[in-house]
Amino acid sequence: TTLGCRQYHAGAAANDDHCKHAGPTGGGVCGTYCDVYCDAATGSCSGDNQLYADSETCHQICEHFPDNGNVGAADGDTVQCRLYHLGAAKSDPAGHCSHGGASGANVCGSWCQVYCDMILDACEDSYSGQASCQTACEGFDDNGNIDDATGDSVQCRIFHASVANNDD
């Protein structure tokens, strides 16, 4: 996540790969996406907008995010979408921190997309696959609050799927 790494890749930016590496996300080369994500999450979202208790918790949860999105994408269940919103949170934390959090706040992926991606990654035997998870999720209430740890809602399930297997 260093400036030196970005400077090297900016100088070598004759191809698109180096442009990604030199950019704000580091393109998975100048710091992992989770390194950059957690730096942004703790730097842009504090106080009432705090997303994670500490950097270790952030890294554990970030490992569940798909990283196959496009840099700069403002939607989709990916770390790239969450990074976009954490960048926007620098000037509008109340409006964007929740979109950059684990749940995606129904912006970086639908509630069910985020839930199914997380649960199938953390607890792969919970459903027979994406389709069965999506079908089950459509029956969950979506009236919970982000980070609810109790209640019969998809938001509660997202919270628990995001921290699953992090207690070892």
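The legends below describe close-up views of a predicted model.

**View 1. The whole protein chain is built from helices, with no strands.**
The chain of this predicted model has nine helices and zero strands. Read along the sequence, the pattern is α-α-α-α-α-α-α-α-α. The protein chain has 168 residues, of which 42% count as buried. About 8,400 Å² of the protein chain is exposed, and carbon and sulfur atoms supply 46% of that area. Among the contacts with a separation of 6 or more, 45% are between residues 24 or more positions apart. The structure also holds six disulfides, and three of these links are shown in the views that follow.

**View 2. A disulfide joins Cys34 to Cys62.**
A disulfide is a covalent bond between the sulfur atoms of two cysteines. In the link of Cys34 and Cys62, the distance from S to S is 2.2 Å. This pair links distant parts of the chain: Cys34 belongs to helix 3 (residues 33-44), Cys62 to helix 4 (residues 55-62), and the two are 28 residues apart. The angle about the S-S bond is -90°, and the link of Cys34 and Cys62 is left-handed. Are Cys34 and Cys62 buried or exposed? Both Cys34 and Cys62 are buried.

**View 3. Cys38 and Cys58 form a disulfide between helix 3 and helix 4.**
The sulfur atoms of Cys38 and Cys58 are 2.2 Å apart. Cys38 lies in helix 3 and Cys58 in helix 4, so this disulfide ties together parts that are 20 residues apart in sequence. The disulfide of Cys38 and Cys58 is left-handed because the torsion about its S-S bond is about -100°. Why does Cys38 count as buried? Its relative accessible area is 1%, and buried means under 20%. Cys58 is buried as well, with a relative accessible area of 0%.

**View 4. A disulfide joins Cys45 to Cys97.**
Here the S to S distance is 2.0 Å. Cys45 sits in the loop between helix 3 and helix 4, whereas Cys97 is in helix 6 (residues 93-100). The pair links distant parts of the chain, 52 residues apart. With -95° about the S-S bond, the link of Cys45 and Cys97 is left-handed. Cys45 counts as buried at 2% relative accessibility. Cys97 is also buried, and its relative accessible area is 2%.

**View 5. Helix 5 packs against helix 6.**
Helix 5 (residues 79-88) and helix 6 have axes 8 Å apart. Helix 6 is also the helix that holds Cys97. How are helix 5 and helix 6 oriented to each other? They pack at an angle of about 160°, and angles over 145 degrees count as roughly antiparallel. Helix 5 and helix 6 are therefore roughly antiparallel to each other. Their crossing is left-handed. On the helix 5 side, the residues that meet helix 6 are Arg82, His85, Leu86 and Ala88. On the helix 6 side, the residues are His96, His99 and Gly100.

**View 6. Two further cysteines, Cys123 and Cys156, are shown for their accessibility.**
Cys123 counts as partly exposed, at 26% relative accessibility. Partly exposed lies between the cut-offs of under 20% for buried and over 50% for exposed. Cys156 has a relative accessible area of 8% and is buried.

How values were computed:
Residues numbered from 1 in each chain as written. Predicted model: local features only at pLDDT ≥ 70, side-chain atom pairs only at ≥ 80, totals over all residues. Heavy atoms only, no water. Disulfide = S-S within 2.5 Å. Helix = DSSP H or I, 4+ residues; strand = E, 2+ residues; numbered from the N terminus. Buried < 20%, exposed > 50% of the residue type's maximum accessible area, 1.4 Å probe, protein only. Contact = heavy atoms within 4.5 Å. Areas by Shrake-Rupley, 256 points an atom, 1.4 Å probe, with all protein chains shown as cover. Axes fitted to C-alpha atoms, helices over the stretch in contact; angles between N-to-C directions. Parallel < 35°, antiparallel > 145°, perpendicular 65-115°, else oblique. Left-handed = near helix turned anticlockwise from the far one by under 90°.
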